[in-house]
Amino acid sequence: MKALFMMGCPELPVQTAAALYIANKLNKEGFEVTSAGNKAAISLLLNSDPEKHYIKKVMDLDRCIGALAEKTIDFDLCFVFIHSDSGISYLATIKSISKAKTIAVIFGKEIEPLIEASGDSIIIAAKAVHNPTPLRAQIDGVKSWAALTR
Amino acid sequence: MNYEILLPNSSFKECADYIKKNFKEIYFVPAGYKIFDNYLVGVPPIPIAVDNDDIIMPYVKPCHGCFVLRIPGKEEVGVLRKAK
């Protein structure tokens with residue numbers, strides 16, 4: 001099973017923490033996790049997980065969109081990290097070009113409009129900027145990510 | 001690439017509405033549509049306008065929101081018109 005993280009601007013500190021926390025859970029269920037992001041998002045991940053215990057592969061965000069659009073790669077699950085309108089655009093794009101089941105991981109101060117705009121994706125959402133605990137509680141509410149692929 | 005920013009730092013919806021409101025020749029493309037060696041990100045159907053020989057399109061940046069860009073069209077204008 002393969003999972004993709006789509007990571008936007010890492011201006012909110014909880015993004016990297018949430019990504020590594022979810023990756024750990026996915027690894028335990030046998031997922032191989034690839035993370036796509038801009039340079040800053042990827043750099044934060046690689047500096048936090050230098051031996052790639054949690055994130056097995058990283059990709060440039062634009063190259064990942066291109067490969068999905070050209071159907072040269074695909075995934076079982078795609079977690080889109082969203083704290084702004086840009087994240088909603090990436091979520092809509094993934095839903096159009098990938099067969100992956102989408103999970104919207106929503107955080108920040110004003111999450112309600114983002115939840116509303118996430119449509120029929122599975123939603124993990126919490127008001128969180130610096131403290132990942134509220135988001136972690138939502139993540140822990142999912143007992144099996146593998147079950148979503150069946 | 002030469003481009004002019006017509007609308008900076010906005011939401012995708014604001015950019016899509018701007019294009020639909022201000023231009024007449026509009027084509028709707030799916031997310032992931034390849035144009036200028038770039039795969040478009042956005043909520044489909046994504047509006048792209050043609051104005052004279054220029055392409056007017058939304059462009060999403062993860063850190064800065066969505067922009068409306070005017071770019072000299074080259075062969076992309078022909079591709080859009082042909083696909084209609």
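A crossing of two helices is called right-handed if the near helix is turned clockwise from the far one by less than a right angle. I put that at the top of the page for the helix pairs below. I also note that what I have open is a predicted model.

**Entry 1: chain A, overall**

I began with the make-up of chain A and found 6 helices and 6 strands. Reading from the N terminus, I wrote the order down as β-α-β-α-β-α-β-α-β-α-β-α. Next I looked up the radius of gyration, which is 14 Å for chain A. The globule rule gives 15 Å for 150 residues, so chain A is as compact as a globular protein of that length. For the box, I got a C-alpha trace that spans about 35 × 35 × 30 Å along the principal axes of chain A.

Then I turned to burial and contacts. Of the 150 residues in chain A, 47% are buried. I also asked how far along the sequence the contacts reach: among those between residues at least 6 apart in chain A, 61% join residues at least 24 apart.

**Entry 2: H1 with H6 in chain A**

Here the definition at the top comes into use. I took H1(A) against helix H6 of chain A, residues 133-140, and found axes that come within 10 Å and cross at roughly 25 degrees. Angles under 35 degrees count as roughly parallel, and that makes H1(A) roughly parallel to H6(A). The crossing of H1(A) past H6(A) is right-handed.

Which residues make this contact? On the H1(A) side I listed Val14(A), Ala18(A), Tyr21(A) and Ile22(A). On the H6(A) side I listed Leu135(A), Arg136(A) and Ile139(A). Sorted by class, the contact of H1(A) with H6(A) has 6 nonpolar residues, no polar ones and 1 charged.

**Entry 3: H1 with H2 in chain A**

I kept H1(A), residues 14-28, and moved on to H2(A), residues 39-48. Their axes are 10 Å apart, and the helices pack at an angle of about 55 degrees. H1(A) and H2(A) are therefore oblique to each other. I checked the hand here too, and H1(A) passes H2(A) in a right-handed crossing.

From H1(A), the contact uses Thr16(A), Ala19(A) and Leu20(A). From H2(A), my list reads Leu44(A), Leu45(A) and Ser48(A). By class I wrote down 4 nonpolar, 2 polar and no charged residues for the contact of H1(A) with H2(A).

**Entry 4: chain B, overall**

I then gave chain B the same treatment. I found 2 helices and 7 strands in chain B, in the order β-α-β-β-β-β-β-β-α from the N terminus on. A compact globule of 84 residues would have a radius of gyration near 12 Å, and the 11 Å of chain B agrees with that. The C-alpha atoms of chain B fill a box of roughly 35 × 25 × 20 Å along the principal axes.

For burial, I noted that 35% of the 84 residues in chain B are buried. For contacts in chain B with a separation of 6 or more, residues 24 or more positions apart account for 50%.

**Entry 5: where the chains meet**

How many residues of each chain take part in the contact between chain B and chain A? I wrote down 17 residues of chain B, in contact with 18 residues of chain A. On the chain B side, the elements that give two or more residues are strand S6 (54-61) and strand S7 (65-72). I closed by sorting this side of chain B by class, which came to 11 nonpolar, 4 polar and 2 charged residues.

Notes: Residues numbered from 1 in each chain as written. Chains lettered and ligands numbered in written order. Predicted model: local features only at pLDDT ≥ 70, side-chain atom pairs only at ≥ 80, totals over all residues. Axes fitted to C-alpha atoms, helices over the stretch in contact; angles between N-to-C directions. Helix = DSSP H or I, 4+ residues; strand = E, 2+ residues; numbered from the N terminus. Parallel < 35°, antiparallel > 145°, perpendicular 65-115°, else oblique. Contact = placed C-beta atoms within 7 Å. Nonpolar A, V, L, I, M, F, W, Y, C, P; charged D, E, K, R; others polar. Rg over C-alpha atoms; globule rule 2.2 N^0.38 Å. Buried ≥ 20, exposed ≤ 12 C-beta atoms within 10 Å, placed from the backbone.
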